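Here is a short set of exercises to work through with the coordinates open beside you. Try each task before you read its solution.

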Amino acid sequence: MVRSEPNATASDGRSNDGRTDEDVTGSRGSTGLRFVALLGAIFCLVAVTVVAAPGLAAGSDGPALDPGPDAPVPNVATTSIPADNHVVVRYEDDHVVTGSDVTAGDVPPNPNVATERGENLVVDDGEVVTEHEHERDRERIVVGNNSVRVATGDPDLVVTDGEILNDTLVVNESNGVVETLEGGSNVTTESGDVVEFSAYDESEFAITGVYPDDPVGEGENLTVDVGLENVKYGNGSRDVYLEIFDEDNDRLGEVNESVELARGESTTESFEYDTERYDHEAEELAVRVAGDDTERVPVTIQEARTVVTNLSYNQPVAGDELEVTAEIDRRGNYPRDEQEYLVGFWVDDSHVETKRVPLSPGGEATETFTYETDETDSPRVDVEVGVLEGERYAETIDVLGEATYAQNVNATIVDRNLPDEGGNLTLDAIVHYEDPDLVPSDPMDHPIELYVDGELADRTDVRLDGDEVVEEEFVYQTERGDAPRVDAELRSPGDGDTARPRVNGSGFGVAIQDVTTPVNQSDVVVVTAAIENAGDVSDDQDVRMRIDRGVGDPDRVDRRVEDTQTVSLNVSEGTTERFSYRTGDADVPEVEVAIISENDEDTTNVTVRDRKSRFDVQELAAEHAGGSDDELTLETTINNTGIEPGEQYVEFLLDGDVVHIDRLSLDPWEERTLSTDVAVPQGGTYEFAVSTANETATETASVTIDPAADDPSTDGPPDPDDDTPSETEPEDEGGAPWYLVVLGILGVLVSIVALVAYRADPEEFPPDAETVQAWGRRRVRSFRQSGAMLVAAVRSGDPAAVVAVFKRLLGLGAGTLVVQNELPRAATVRVRCQTADDTVVLEDLELGPDEQRDLGSLPDTSQFKVGAGVEDITAHEEVFQGISGDIGVVLRTDGILIANVK
């Protein structure tokens, strides 16, 4: 059955603004209002042209009116599962039944029976009729004077005179006409149209599977089983092709067969393809049914050759015989018939033996080769087996001997002392066999050596007996200059160990007193170090500044000396020295700084920030003027301590709640002071915090409010309805003639009326007379307030002022709705701005990292609501009253922030 599924977002019959279809299709108003709207638009164009003539030039890219999403396009699909009330034919017995009496496998594709005019048949109130939207257009299906109805049983459609079951329905295989089973009478509509199944003679072969018996060798037979099914109602025959293709899609060969299938019949056909020389280049085989279906699958045809596929062997001890058994396969049938192949055996690239191996096409054989080992073969030998002049199969085989056991020795440093220069450095070690399967049956001696700074310092032969663990001590006599550390290495015939033991110096001691941290990438790190000669003699030493970029990573060592100072000190004398280093890209995020003398060292870590802006909070203060004033003045200073210009939101928080947001742009090391006044509900102590993307700082402020200091006589705000001109209003000093100004104003006002009416309800434009009167009463006060402002703006020639008045008349405020993505990844969000009567903005946005988007002007109302979310748009909503400035929607890692940005 063919169905048209409506888009889910419109399934409840409502438009995007929430009105029902009945609301949208209501009265459209009179022809006279349509004329007024058209006249207003023309008048607006004339007025703007006239007013602009004296030289007024103004432009504004206001927000575009979004008519809403496009109407959904239905996804129409045909299915072989009919609706329960549709009348269909089934494969098994040609019976015509309802869709409730069949499953998907019982019927052909598009199984509906229909009239000659293509009208489908359906069941309505138990009786079969033609399918029409309107009941008056439906026709009963009849056989003579008898009707066709639904009855329990199989088949479930019967011909009846109202009391007695007369017959059932089938499709005539020869012409597709629907007729009665027993009487052979045609089934028609009341008007005489014959009912038929038009696809009675159509056939279509579908490929249900392709199964090659690969791999095979060149010259051998490739068998491919192909599953086929006739998925339509008619009987049919097709030529089916099996084709072989290489990686360039060039056809290497082809076979074909003719296949006949009755309706709904399935079969498996076996294709035999004789492979030939060079068919090993085949990558795919394709099965193609002429005019219907094609399917491709990978295929493996092996090159005709003889190869060794596997080696197995024993585990010899030096002096024993090594036995290697090779598995040999002959692939393909080139050359033809049985052949003898020469298979060779090599050990450490030396030929040992060659054997003759007879093999038939596709045959397999095993051959065993032997080799007498000796001590020189330990710890391992490389063996190869292969056809002469062909590929060889290689393995590395352990031969247990003294070398094998020696390589299994492990020496590990477990402890060390901390000597002074001139004393003995003692390293404690354990020695043992690491792999318990490679332990000799008799005791063996193994040399263990200690190297210090690359020189041999100590050596001993350690006797190991079986799996015992031996403890040994190695000693090195330290010398002047060994402090602060030496490089020690313990070597064995197998695995050894390394260490960097400390040697206490008796000369120059160093201590870092001060270091600049954190620093920005490319800034200079300055280290101040105290140096003291604690030795017994005066001396000169080079004191070095070493930078280690591998700090925190035990697998990385990246050390280099970046600064050196030569220091001369008498006994017990001390000094301070400054060392410096300019950081680079590789130093981010942290380096270790070491100040090193010949006897001592001191280290510290320095944070290196990458090449970005960084907004630091330098100062913050919260002050209250005292008395009855309920406002708290908040102030902070922000400094960009990074090396790149940047832009960030700066948040003011009072007791954890965001009370103010500023969008701030700063150049490197630029400083800016921000302040705002916020109302507090009562006296008390408040925690004031300022937060940037980089840090948060806090300050505590106490507020005392004196109710007695209230002054009720304080002048209130000016009356917005007072259109009396100010005494200081400048006189007209020229410009457009008065009649042109009046004409322009009238044109603009008429146009604004039409545009605002359309914007308030685009689906009800033009409105009826009653709606116009009600809307006009609501707008009179707004027009009266804006009239004087518009005249003054036009006379002054101020484009920005004219645009601001236009936006006010259109119901748009001076502020803007801004969306900012502060996440480190792309994000999707839906944003909505609503007044009590209208949805001003509704957009789905996809924003990249740090991307900012302006969504247009805010509504010029006393109260509106802004919401944002990924799926649930009400997840984050804020209501704003009497605000000025922009509204920011900020996507952050801790959620979505919606706040006023002044």
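**Exercise 1.** Decide whether Thr-692 is buried or exposed, and find out what surrounds it.

*Solution.* Start with the accessibility: Thr-692 has a relative accessible area of 9%. Buried means under 20%, so Thr-692 counts as buried in this predicted model. Next, place the residue along the chain: Thr-692 sits in the loop that links β49 (684–691) to β50 (696–703). Now list its surroundings. Leaving out residues up to four places away in sequence, Thr-692 touches Phe-615, Val-617, Ile-638, Gln-648, Tyr-649 and Val-650. Finally, look at the polar side: a polar atom of the Thr-692 side chain lies 2.8 Å from the backbone oxygen of Phe-615.

**Exercise 2.** Carry out the analysis for Thr-130: in which strand is it found, and which backbone atom lies 2.9 Å from a polar atom of its side chain?

*Solution.* Begin with the secondary structure: Thr-130 belongs to strand β5, which covers residues 127–130. With a relative accessible area of 0%, Thr-130 is buried. The backbone atom in question is the nitrogen of Glu-139, 2.9 Å from a polar atom of the Thr-130 side chain. Glu-139 also appears among the contacts of Thr-130 beyond four places in sequence, a list including Thr-115, Leu-121, Val-122, Arg-138, Ile-141 and Thr-189. As a last check, compute the C-alpha to C-alpha distance from Thr-130 to Gly-118: you should get 9.7 Å for a separation of 12 residues in sequence.

**Exercise 3.** Examine Arg-263: which side chain joins it in a polar contact of 2.2 Å, and over the face of which ring does it lie?

*Solution.* First locate the residue: Arg-263 is in the loop between β17 (251–261) and β18 (266–274). Then check its accessibility: the value is 18%, and Arg-263 counts as buried because the cut-off is under 20%. The polar partner is Asp-94, whose side chain is joined to that of Arg-263 at 2.2 Å. The ring belongs to Tyr-233, with Arg-263 over its face at 4.4 Å from the ring centre. Both Asp-94 and Tyr-233 are in the contact list of Arg-263, which also has Tyr-91, Glu-173, Asn-230, Lys-232, Gly-234 and Asn-235. Elsewhere, Arg-491 lies over the face of Tyr-451, at 3.6 Å from the ring centre.

**Exercise 4.** How many aromatic pairs does the structure hold? Describe the geometry of the one formed by Phe-652 and Phe-688.

*Solution.* The count is 4 aromatic pairs. A ring pair is described by the distance of the centres and the angle of the planes. For Phe-652 and Phe-688, the centres are 5.6 Å apart and the planes make an angle of 50°, a tilted arrangement. Phe-652 lies in strand β46 (residues 646–654) and Phe-688 in strand β49, so the pair ties together parts 36 residues apart in sequence. To finish, check the accessibility: Phe-652 is buried at 0%, and Phe-688 is buried with a value of 0%.

**Exercise 5.** Which residues of the largest nonpolar core touch the most other members, and which strand gives the most to this core?

*Solution.* The largest nonpolar core has 24 residues, and Val-431, Ile-448, Leu-450, Leu-464 and Leu-490 touch the most other members. At least two residues each come from β29 (409–416), β30 (424–433), β31 (444–452), β32 (455–464), β33 (470–477) and β34 (488–491). Of the strands, β30 gives the most, with 5 residues. Now zoom in on Ile-448: its contacts beyond four places in sequence include Val-409, Ala-411, Val-431, Val-462, Phe-474, Leu-490 and Arg-491. A second, separate core holds 22 residues, among them Val-240, Ala-282, Leu-285 and Val-287.

**Exercise 6.** Step back to the whole chain: how many helices and strands does it have, and what share of its residues counts as buried?

*Solution.* The secondary structure comes to 6 helices and 58 strands. Of the 902 residues, 39% count as buried. For the surface, the accessible area is about 48,500 Å², and 44% of it belongs to carbon and sulfur atoms. Finally, among contacts with a separation of 6 or more, 60% are between residues 24 or more positions apart.

Methods: Residues are numbered from 1 along each chain as its sequence is written. This is a predicted model: local features need pLDDT of at least 70, side-chain atom pairs count only at pLDDT 80 or more; totals for chains, interfaces and linings use all residues. Side-chain values use heavy atoms; hydrogens and water are left out. Helices (H or I, at least four residues) and strands (E, at least two) are DSSP runs, numbered from the N terminus. Buried means under 20% relative accessible area, exposed over 50%, partly exposed in between (1.4 Å probe, protein chains only). Contact means heavy atoms within 4.5 Å. A polar contact is a pair of N or O atoms within 3.5 Å; within protein, one must be able to donate a hydrogen and the other to accept it, and residues adjacent in sequence count only if both atoms are side-chain atoms. Accessible areas come from the Shrake-Rupley method with a 1.4 Å probe; for residues, only the protein chains shown count as cover. Rings of Phe, Tyr and Trp (its six-membered ring) pair if their centres lie within 6.5 Å; planes under 30 degrees apart count as stacked, over 60 as edge-to-face and the rest as tilted. A charge sits over a ring if NZ of Lys or CZ of Arg is within 6 Å of the ring centre and within 35 degrees of the ring normal. A nonpolar core is a set of buried Ala, Val, Leu, Ile, Met, Phe, Trp, Tyr and Cys residues joined through side-chain atoms within 4.5 Å.
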